Amino acid sequence: MAIDIKVPQLPESVADATIATWHVKAGDKVSRDQNLVDIETDKVVLEVTAEADGVLGEIIAEEGTTVTADEVIGKLEKGDGESSSDSDKESDDSDSEDKKSDDKKSKDKESEDDESKDAKDKKESGSKQGSGEKLDVNVPQLPESVSDATISAWHVKEGDEVKRDQNLVDIETDKVVLEVVAPADGVLVEIKHDEGATVGADDVIGVVESGASGGSSSGSDESKSEQKSDDKDDSKSSDDDGGDGEVAGPAVRRLLGEHGLKPSDVKGTGKGGRVTKEDVEKHVKGKSEKSDSDKSAVSSKEQAKQSAASGDRDQKRVPMTRLRKRIAERLLQAKNDTAMLTTFNEINMKPIMDLRKKYKDQFEETHGTRLGFMGFYVKAVTEALKRFPDVNASIDGDDIVYHNYFDISIAVSTPRGLVTPVLRDTDKLSIADMENGIRDLAVKGRDGKLTLDEMQGGNFTITNGGVFGSLLSTPILNPPQSAILGMHKIQERAMVVDGKIEILPMMYLALSYDHRIIDGKQSVGFLVTVKELLEDPQRLILDI
């Protein structure tokens with residue numbers, strides 16, 4: 001019975017793939033779940049395994065062929081497939097000496113099969129010792145509107161012992177970082193997707209063997225490496241180019257051929273010493289630069305200067321994280337889709353600083369949190385939004401959407417980039433509640449624990465560049481919001497008060513707004529209201 005060997009389902013956004021390496025040839029015996037062929041996409045390498053014990057009857061798609069999902073690339077004959085081939089040989093061979101040689105070959109093959117069977121039995125018995133149930137490590141359900149994610153960092157490697165609920169891997173979306181934990185105590189026996197791979201919800205990215213220990217899994221790891229080396233030896237003996245296939249994909253081999261190179265000529269930086277296109281291009285570029293330098297008649301002194309300078313001019317190229325790409329998209333969207341304008345003012349921070357100095361210890365004892373400046377900022381912005389509803393609105397197509405609630409986004413700097421978690425219903429919060437909420441969001445942002453719900457929404461944003469020493473800036477809108485308030489460094493300056501020069505702690509305010517919905521009068525009025533409330537904080541408490 002013939003079984004079709006098909007290309008598996010390709011990752012999302014991948015249209016086709018390339019046959020990279022066949023590990024067996026037509027006529028070879030194969031075992032169930034044995035890796036037959038590697039299929040290479042521009043993102044990952046997929047392994048196609050045998051569905052049953054049998055013989056590889058036919059290879060339809062050779063190495064280097066471009067294939068698509070579910071395309072038939074070979075045929076697998078169930079069973080040993082020896083009886084029919086032996087009868088054909090007997091009917092075709094008329095010479096008795098040929099028959100004897102065939103019988104001898106058959107016996108040799110049988111003995112080899114027996115040896116391989118014994119080795120397989122030993123491997124199976126070895127792997128069963130101390131082994132438990134194998135559990136898949138799956139990608140969790142992704143947030144709504146997120147179609148895929150990226151493997152950010154594996155915290156363990158193959159063969160490591162793991163504990164139940166231990167964080168194994170971080171998976172990054174363009175909004176949040178998800179942690180995937182171990183389903184049980186045991187050993188991580190396989191990592192199916194390395195760091196940087198794109199995965200979808202419920203994809204299997206690893207396998208944990210429950211109840212096993214690092215020692216018991218080492219035997220299976222050794223047998224796996226022995227089997228891989230055997231497969232490599234078989235592929236080398238059957239095909240002169242087989243060794244190249246192990247260290248370079250078909251696209252890379254074509255590029256090598258164009259420049260008259262062999263994989264051994266190029267130092268591979270990919271996984272397992274695999275040669276990448278970048279390695280080939282770097283090698284070719286290095287050769288051309290060397291040739292040019294040999295031809296040029298440059299003095300030895302100038303050559304020394306050039307080599308010294310080039311040693312300090314190296315580069316490092318790393319891909320953007322999903323969060324950084326998302327930030328770039330939204331900032332570019334704000335610049336292109338809004339009529340953004342910025343207006344400025346300044347605040348005398350002395351009244352708030354005096355109030356804070358007087359009550360900060362009592363405030364911390366009463367409410368269990370430190371009295372900072374952000375609570376005052378949020379309180380003043382909330383009161384100003386009540387008086388200027390257009391600043392709290394947004395544009396949706398040809399409509400203006402007025403929000404009758406007050407959700408303030410607080411810009412937080414994290415190791416992964418700038419995020420804007422939302423402090424909700426600020427009109428119902430006291431300054432103590434605001435300080436507690438802002439502190440919790442900042443800690444979650446720093447630790448990568450922010451949830452999607454905490455990141456969505458928000459009608460207005462406050463960003464405080466002053467904590468980094470910024471004296472003045474023009475903040476960019478956070479779409480679909482219509483305005484953002486930038487707070488800055490508090491710096492003592494000479495100011496004229498009632499005809500006298502005084503040294504006061506002053507801070508610049510910057511309000512960027514969408515001029516399509518907010519006019520100059522409203523923007524300036526909003527900013528002056530924030531200024532007046534902060535310069536007279538008793539008005540915040542009295543709500544006047």
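**Confidence and local geometry of the predicted model**

Over residues 216-226 the pLDDT stays under 50, and for this stretch the predicted model has eleven contacts beyond four places in sequence. For the chain as a whole, the mean pLDDT is 79, with 76% of the residues at 70 or more. Residues 122-130 form a stretch with pLDDT below 50, for which the model contains ten contacts beyond near neighbours in sequence. Where pLDDT is low, the predicted coordinates should not be read in detail.

The chain comprises 544 residues, of which 38% count as buried. Its secondary structure amounts to 14 helices and 27 strands. Among contacts in the chain with a separation of 6 or more, 64% are accounted for by residues 24 or more positions apart. The area exposed by the chain is about 31,100 Å², and 47% of this area is supplied by carbon and sulfur atoms.

One open sheet consists of four strands in the order β9-β16-β14-β11, and the pairing is antiparallel. Its edges are formed by β9 (134-138) and β11 (161-162), each of which pairs on one side only. Strands of a sheet pair through backbone hydrogen bonds, either parallel or antiparallel. In the case of β9 and β16 (residues 204-210), the two strands run antiparallel and are joined by five bridges. Within this pairing, N138 has V204 of β16 as its bridge partner.

The loop between β15 (198-199) and β16 contains D202. Although D202 is not a glycine, its phi is positive, at about 70°. D202 counts as partly exposed because its relative accessibility is 46%, a value that lies between the limits of 20% and 50%. A positive phi is also found at D498, a residue other than glycine, with a value near 55°. D498 is located in the loop between β26 (491-497) and β27 (500-514). The relative accessible area of D498 is 77%, and this residue is therefore classed as exposed, the threshold being over 50%.

The loop between β24 (460-464) and β25 (483-487) includes L472. Together with F344 and L471, L472 makes a nonpolar surface patch of about 260 Å². L472 has a relative accessible area of 46% and is therefore partly exposed; patch membership requires over 30% relative accessible area, so L472 satisfies this criterion. P480 is likewise placed in the loop between β24 and β25. The peptide bond from P479 to P480 is cis, with omega near 5°.

A further description concerns R322, which is found in helix α8 (residues 322-337). R322 counts as buried because its relative accessibility is 16%, which falls under the 20% limit. The C-alpha atoms of R322 and R416 are 9.5 Å apart in space, while the two residues are 94 residues apart in sequence.

Note on methods:
Residues are numbered from 1 along each chain as its sequence is written. This is a predicted model: local features need pLDDT of at least 70, side-chain atom pairs count only at pLDDT 80 or more; totals for chains, interfaces and linings use all residues. Side-chain values use heavy atoms; hydrogens and water are left out. Patches are made of residues with over 30% relative accessible area and no salt bridge: like charges are joined within 9 Å, nonpolar side chains (Val, Leu, Ile, Met, Phe, Trp, Tyr) within 5 Å. Accessible areas come from the Shrake-Rupley method with a 1.4 Å probe; for residues, only the protein chains shown count as cover. A salt bridge is a side-chain nitrogen of Lys or Arg within 4 Å of a carboxyl oxygen of Asp or Glu. Buried means under 20% relative accessible area, exposed over 50%, partly exposed in between (1.4 Å probe, protein chains only). Two strands pair if DSSP finds at least two bridges between them. pLDDT is the predictor's confidence in each residue, from 0 to 100. Contact means heavy atoms within 4.5 Å.
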